[in-house]
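Got the model open in your viewer? Keep the selection tool handy, and we'll walk through a handful of stops.

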Amino acid sequence: MDPKVGVAALVHNQKGQFLLGKRKGSHGAGTWGFPGGHLEYGESFEDCAVRETLEETGVAIHGAHYLTATNNVTLARNKHFVTIFVGCDPVDDNTQPKVIEPEKCEKWEWVSWEEIVSNAQASEGQAERTLFRPIINLFKQRPGFDPLA
């Protein structure tokens with residue numbers, strides 16, 4: 001099976017928080033992840049981040065820019081994704097995210113980067129929020145990653 005490309009939008013507000021959603025559905029259900037989804041044919045990483053964030057949260061973003069990528073292989077499910085992480089800011093810092101796709105996401109919250117790092121470093125079952133596997137891989141594959149650097 002050929003790898004698929006996913007894009008994750010690291011939406012960062014002026015309070016130093018990032019947008020995280022609690023996932024539903026078969027892929028990563030119960031874990032917390034950034035807005036994002038599959039890259040469409042001919043679409044740039046940045047355009048995908050803008051589209052997916054608006055479709056999933058109702059939050060318009062700007063300043064989308066490439067940050068890094070991870071390789072995510074799940075042998076048990078015969079899945080291979082390359083996840084492209086894109087940094088961006090909300091157009092209006094006062095816009096509150098909405099659950100637009102309730103079949104895919106339970107809720108959206110603004111979370112500090114320190115909390116995300118802490119949850120990524122916690123042992124299985126010890127984290128306040130269990131993070132989506134590509135985020136865990138982000139910290140494993142890119143030690144010291146800082147989305148604001």
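**Stop one: Ile 135 and its neighbours**

Start by selecting Ile 135, which sits in helix α3. Bear in mind as you look around that this is a predicted model. Is Ile 135 buried or exposed? Its relative accessibility is 1%, so it counts as buried.

Now show what surrounds Ile 135. Setting aside neighbours within four places in sequence, you'll find it in contact with Leu 20, Trp 32, Gly 33, Phe 34 and Ile 116. Pick Phe 34 from that group and draw a distance: its C-alpha lies 8.5 Å from that of Ile 135, although the two residues are 101 apart along the chain.

**Stop two: the largest pocket**

Stay with α3 and widen the selection to residues 133-141, the whole helix. Which element gives the most to the lining of the largest pocket? That is helix α3, with five residues.

Turn on a surface here if you like. The largest pocket holds about 1100 Å³ of space, and 49 residues line it. To centre your view, select Arg 23, His 27, Gly 28, Phe 132 and Pro 134, the lining residues that lie nearest the pocket's centre. Colour the lining by class and you should get 17 nonpolar, 18 polar and 14 charged residues.

**Stop three: Thr 31**

Next, click on Thr 31, in the loop between β2 and β3 (32-33). Despite the loop address, Thr 31 counts as buried, because its relative accessibility is 12% and the cut-off for buried is under 20%. What does Thr 31 touch? Not counting residues up to four places away in sequence, the list is Gly 21, Lys 22, Arg 23, Thr 130, Leu 131 and Phe 132. Two names there may ring a bell: Arg 23 and Phe 132 were among the residues nearest the centre of the largest pocket.

**Stop four: helix α1**

Select residues 45-57 to bring up helix α1. A quick ruler check works nicely on this one. With 13 residues at 1.5 Å each, α1 should span 18 Å, and its end C-alpha atoms are indeed 18 Å apart, so the two agree.

Then highlight the buried residues of α1: Cys 48, Ala 49, Arg 51, Glu 52, Thr 53, Glu 56 and Thr 57. They pack against a set of strands, namely β1 (4-11), β2 (17-23), β4 (36-38), β5 (61-74), β6 (79-90) and β7 (105-112). Step just past the end of the helix and you reach Gly 58, which has a positive phi, near 75 degrees.

**Stop five: the cysteines**

Go back to Cys 48 in α1. How many disulfides are there? The count comes to zero. Cys 48 is in none, and the nearest cysteine sulfur, on Cys 88, is 11 Å away. Cys 105 is in no disulfide either; for Cys 105 too the nearest cysteine sulfur is that of Cys 88, at 16 Å. Both are tucked away: Cys 48 is buried at 0% relative accessible area, and Cys 105 is buried at 7%.

**Last stop: Gly 63**

Finish on Gly 63, in strand β5. At 46% relative accessibility, Gly 63 counts as partly exposed. Beyond its neighbours within four places in sequence, Gly 63 is in contact with Gly 87 and Cys 88. For a final distance, try Gly 63 to Val 11: the pair are 52 residues apart in sequence, and 10.0 Å apart in space from C-alpha to C-alpha.

Notes: Residues numbered from 1 in each chain as written. Predicted model: local features only at pLDDT ≥ 70, side-chain atom pairs only at ≥ 80, totals over all residues. Heavy atoms only, no water. 1 Å grid on protein atoms, 1.4 Å probe; cavity = no way out; pocket = protein on both sides within 12 Å on 5 of 7 lines; lining within 4 Å. Points joined across faces, edges and corners; volume = space filled by probe spheres on them. Helix = DSSP H or I, 4+ residues; strand = E, 2+ residues; numbered from the N terminus. Nonpolar A, V, L, I, M, F, W, Y, C, P; charged D, E, K, R; others polar. Disulfide = S-S within 2.5 Å. Buried < 20%, exposed > 50% of the residue type's maximum accessible area, 1.4 Å probe, protein only. Expected span 1.5 Å × (residues − 1). Contact = heavy atoms within 4.5 Å.
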